[in-house]
Amino acid sequence: MRRRPGLSARLKLALSYAGFLFVAGALLLAVVWWFLLRYVPDNSQGLLGISPNRYLLVRTFAPAAAVAMAFLLAFGLLGGWFLAGRMLRPLTLITDAARTAGTGSLSHRIRMEGRQDEFRELSDAFDSMLEQLESHVAEQQRFAANASHELRTPLAISRTLLDVARKDPGQDRGELVERLYAVNTRAIDLTEALLLLSRGDRGNFTRESVDLSLLAEEAAETLLPLAEERRITFAMTGSAARTNGSAELLLRMVTNLVQNAVVHNLPAGGTVTVRTEAYGDTSVLRVENTGRVVPADLVATLTEPFRRGTERVRTDEHAGVGLGLAIVAGIVRAHDGILDLAPRPAGGLVATVRLPAVP
């Protein structure tokens with residue numbers, strides 16, 4: 001933003017200090033005149049016939065007062081300029097750090113020393129903001145690189161299949177079409193997941209009253225064939241839990257959690273428990289499943305895009321694209337909620353979503 005040039009804050013403070021000293025000196029002289037000189041007789045005999053009269057005192061006092069006022073003005077300007085520089089030095093450091101960050105370098109930190117005051121508080125807040133920005137930018141760069149890699153894989157596979165078919169005209173066309181269809185489907189699923197993740201993070205959606213218990217029933221009904229195929233038992237408990245949000249996004253959130261619980265379960269005989277309830281001003285959705293023991297350090301990375309632990313990666317038709325829990329985290333964040341993932345001691349995972357409740 002272009003602005004017209006003006007006085008610097010340091011010069012304004014210096015002028016303010018000098019003006020304050022000048023006014024204080026003038027008031028002091030006024031007090032001397034009001035309470036002392038005005039009572040001196042203005043006649044040839046002066047006070048009691050032996051002291052100088054008012055005219056002589058004024059002529060003697062006025063030049064000295066003028067010199068003192070000039071000294072106060074100069075001292076105020078110089079001292080004010082020095083003091084303003086000392087006071088504004090922390091602000092200069094913050095400005096330099098902001099300019100450095102504006103060039104794209106987010107690793108710089110001010111780390112201002114000294115006791116806590118307004119400038120140190122501003123400096124600490126600025127350092128915290130830079131740290132969060134650096135982390136966010138690094139996460140976005142990591143996400144872009146991973147997304148590019150994931151999108152490149154199906155395209156590379158498709159190109160390889162087409163090259164093989166072109167070099168071998170006698171290859172079975174039906175098998176080629178089926179394999180290309182599967183690869184294309186995976187690419188479409190990945191693209192839709194990326195779009196959904198972006199939409200959830202932006203939070204620009206219409207809000208309405210939604211019952212999480214109804215969404216849980218719908219998700220369980222949709223995934224029941226998959227659960228029966230894997231001989232996994234569903235257990236639905238709880239009561240109504242209403243919140244404000246997008247019914248479409250919240251349904252995807254519940255579906256992803258339930259599907260994740262079904263896919264990453266025991267080979268057979270596992271269970272998935274879905275519970276909804278309301279606690280005061282909070283609506284809670286809890287999805288719990290059996291399965292292998294999940295290391296605590298792995299749980300912390302499950303909501304990061306494309307971060308799939310080797311112990312949870314599937315190679316079947318439900319392998320996914322590594323965005324299921326990342327989408328859940330984005331939707332929960334967009335709805336001002338909290339997602340908590342915790343491993344079960346006996347194996348499996350407990351996913352708890354807490355959203356603001358509505359009557």
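This is a short talk on the helices, the core, the cavity and a few loop residues of one structure.

Good morning, everyone. A word of caution to begin: this is a predicted model.

Let's start with helix H6. H6 runs over residues 247–263. What span should its 17 residues have at 1.5 Å a residue? The expected value is 24 Å, and the end C-alpha atoms of H6 are 24 Å apart, so the two agree. Now look at how H6 sits. 12 of its 17 residues are buried, so the rest of the structure largely encloses this helix. Some names to find on the screen: Leu249, Leu250, Met253 and Val254 are among the buried ones. Thr255 and Asn256 are also on that list of buried residues. So are Val262 and Val263, at the end of the helix.

Next, the core. The largest nonpolar core has 46 residues. Which of them touch the most other members? They are Met253, Val254, Leu257, Val258, Val262, Val272 and Leu285. Several elements supply at least two residues each to this core, including helix H4 (173–202), strand E4 (271–279), helix H7 (296–299) and helix H8 (324–334). H5, H6, E5 and E7 do so too. Which element gives the largest share? That is H6, with nine residues.

Now the cavity. How many cavities of 30 Å³ or more does a search of the whole structure find? One. Its volume is about 40 Å³. Three elements give two or more residues to its lining: H6, strand E5 (282–289) and strand E7 (349–356). H6 gives the most, with three residues. The full lining is Leu257, Asn260, Ala261, Val287, Asn289, Leu325, Leu349 and Ala351. Sort those residues by type, and you get six nonpolar, two polar and no charged. Keep an eye on Leu257. Leu257 lines the cavity, and Leu257 is also one of the core residues with the most contacts to other members.

On to helix H5, residues 212–229. H5 has 18 residues. From first C-alpha to last, H5 reaches 26 Å, close to the 26 Å expected. There is a bend, though. Where does H5 bend? At Leu223, by about 50°. A proline, Pro225, follows within four residues. Leu223 is buried. Other buried residues of H5 include Leu212, Ser213, Leu215 and Ala216. Further along, Leu226 and Ala227 are buried as well.

What comes after H5? Arg231 follows, and its phi is positive, near 55°. Then look at Ile232, in the loop between H5 and strand E2 (233–238). Is Ile232 buried or exposed? The cut-off for buried is under 20% relative accessible area. Ile232 has 7% relative accessibility, so it counts as buried. Ile232 and Asn289 are 57 residues apart in sequence. In space, their C-alpha atoms are 9.7 Å apart. Remember Asn289? Asn289 is part of the cavity lining.

Helix H8 is next. H8 is mostly covered, with nine of its 11 residues buried. Among them are Leu325, Ala326, Ile327 and Val328. Leu325 also lines the cavity. After H8 comes Asp336. Asp336 is not a glycine, yet its phi is positive, near 60°. Asp336 sits in the loop between H8 and strand E6 (338–343). Asp336 has a relative accessible area of 58%, so it is exposed; exposed starts over 50%.

Arg111 also has a positive phi, about 50°, although it is not a glycine. Find Arg111 in the loop between helix H2 (54–102) and helix H3 (118–167). Its relative accessible area is 62%, so Arg111 is exposed.

Two more loop residues and I'm done. Asp281 is in the loop between E4 and E5. At 59% relative accessibility, Asp281 counts as exposed. Asp281 and Arg242 are 39 residues apart along the chain, with their C-alpha atoms separated by 9.9 Å. Val294 lies in the loop between E5 and H7. Is Val294 buried or exposed? Val294 is buried, with a relative accessible area of 7%. Val294 and Ala342 are 48 residues apart in sequence. From C-alpha to C-alpha, they are 8.9 Å apart in space.

To close, go back to H6. H6 gives the core nine residues. H6 gives the lining of the largest cavity three. Thank you.

Terms used:
Residues are numbered from 1 along each chain as its sequence is written. This is a predicted model: local features need pLDDT of at least 70, side-chain atom pairs count only at pLDDT 80 or more; totals for chains, interfaces and linings use all residues. Side-chain values use heavy atoms; hydrogens and water are left out. On a 1 Å grid over the protein atoms alone, a cavity is a set of points where a 1.4 Å probe fits but cannot get out, and a pocket is an open set with protein on both sides within 12 Å along at least five of seven lines; lining residues have an atom within 4 Å of a point. Grid points are joined across faces, edges and corners, and a volume is the space filled by probe spheres set on the points. Ala, Val, Leu, Ile, Met, Phe, Trp, Tyr, Cys and Pro count as nonpolar, Asp, Glu, Lys and Arg as charged, and the others, Gly among them, as polar. The expected span of a helix is 1.5 Å times one less than its number of residues. The bend at a residue is the angle between axes fitted to the seven residues ending there and the seven starting there. Buried means under 20% relative accessible area, exposed over 50%, partly exposed in between (1.4 Å probe, protein chains only). A nonpolar core is a set of buried Ala, Val, Leu, Ile, Met, Phe, Trp, Tyr and Cys residues joined through side-chain atoms within 4.5 Å.
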